[in-house]
Amino acid sequence: MTKAKDKTPSAKDDLLQPQIDQLTADLQRMQADFINFKRRSEQEQERLSDMAKVAVVMKFLPFVDNVKRALAHMPKELENDQWAKGVVQLGAQFTTILDELGVRRIEAVGHPFDPNLHEAVSVDDEAGEGEEVVVEELQPGYELDGFVLRHSVVKVGKRTFDTSNSEERN
């Protein structure tokens with residue numbers, strides 16, 4: 001017959017319990033530190049990935065601008081030319097890539113002037129009183145996840161409001 005072990009705490013157990021508690025607390029701290037380290041590492045990796053994406057997009061924006069300028073000035077006689085159709089397709093493909101990356105073109109013409117989104121290089125001084133609005137976009141602006149990659153370069157004018165229709169009729 002085997003002798004059953006006594007389950008009552010002994011003096012030895014009383015001496016070891018503080019050490020066990022200390023080691024358990026140390027282990028819990030190490031686990032929490034590791035979880036925090038892992039979270040910070042993931043955030044840093046995401047930040048570096050975003051920075052790389054921004055850098056690549058910024059390098060391609062002048063190319064996209066030039067393709068769009070070329071397409072805007074395509075002669076009528078080249079509209080059915082296969083080479084010209086290829087250039088049109090190239091422009092569309094770059095627009096699709098920018099969309100997939102989350103890059104959004106900043107709306108400008110007809111919208112209120114916002115110095116956070118637009119860079120005014122010209123102001124129509126002949127316009128009357130009213131709200132400042134973008135009347136012409138000279139270079140498109142882009143943003144990524146709410147971060148402005150490049151401001152829209154714009155011409156600003158005043159929007160006048162017609163008050164003749166605002167009278168109350170009886």
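Which residue in β4 does Val103 stand opposite? The partner is Leu144. With that small detail in hand, here are some notes to help you find your way around this predicted model.

1. **Overall layout.** Start with the broad view: the protein contains 2 helices and 6 strands. Following the sequence, you meet them in the pattern α-α-β-β-β-β-β-β.

2. **Surface and contacts.** Of the 170 residues in the protein, 17% are buried. The exposed area is about 13,500 Å², with 55% of it supplied by carbon and sulfur atoms. Looking at contacts between residues at least 6 apart in sequence, 66% join residues at least 24 apart.

3. **The sheet around Val103.** Back to the opening pair: 3 bridges join β1 to strand β4 (residues 142-144), and these two strands run antiparallel. They belong to an open sheet of 3 strands, in the order β1-β4-β5, with antiparallel pairing. At its edges are β1 (103-105) and β5 (147-150), each of which pairs on one side only. On average, neighbouring strands of this sheet are turned by 35° against each other, direction ignored. As a reminder, strands of a sheet pair through backbone hydrogen bonds, either parallel or antiparallel.

4. **Aromatic rings.** There are 2 aromatic pairs to look for. One of them is formed by Phe60 and Phe94, a tilted pair with 5.7 Å from centre to centre and 40° between the planes. This pair links distant parts of the chain, since Phe60 sits in helix α1 (residues 11-72) and Phe94 in helix α2 (residues 82-101), 34 residues apart. Phe63 joins the picture too: Phe60, Phe63 and Phe94 form one aromatic cluster.

5. **Buried or partly exposed?** The two rings of the tilted pair fall into separate classes, and the cut-off is worth stating: buried means under 20% relative accessible area, and partly exposed runs from there up to 50%. Phe94 counts as buried because its relative accessibility is 17%. Phe60 has 39% relative accessibility, so Phe60 counts as partly exposed.

6. **Asp65, a residue to click on.** Where does Asp65 lie? Asp65 is part of helix α1. Its relative accessibility is 4%, so Asp65 counts as buried. The side chain of Asp65 makes a polar contact with the side chain of Arg150, at 2.7 Å. Setting aside neighbours within four places in sequence, Asp65 is in contact with Gln139, Pro140, Tyr142 and Arg150.

How values were computed. Residues are numbered from 1 along each chain as its sequence is written. This is a predicted model: local features need pLDDT of at least 70, side-chain atom pairs count only at pLDDT 80 or more; totals for chains, interfaces and linings use all residues. Side-chain values use heavy atoms; hydrogens and water are left out. Rings of Phe, Tyr and Trp (its six-membered ring) pair if their centres lie within 6.5 Å; planes under 30 degrees apart count as stacked, over 60 as edge-to-face and the rest as tilted. Helices (H or I, at least four residues) and strands (E, at least two) are DSSP runs, numbered from the N terminus. Buried means under 20% relative accessible area, exposed over 50%, partly exposed in between (1.4 Å probe, protein chains only). Contact means heavy atoms within 4.5 Å. Accessible areas come from the Shrake-Rupley method with a 1.4 Å probe; for residues, only the protein chains shown count as cover. A polar contact is a pair of N or O atoms within 3.5 Å; within protein, one must be able to donate a hydrogen and the other to accept it, and residues adjacent in sequence count only if both atoms are side-chain atoms. Two strands pair if DSSP finds at least two bridges between them. Axes are lines fitted to C-alpha atoms, for helices over the stretch in contact, and angles run from 0 to 180 degrees between N-to-C directions.
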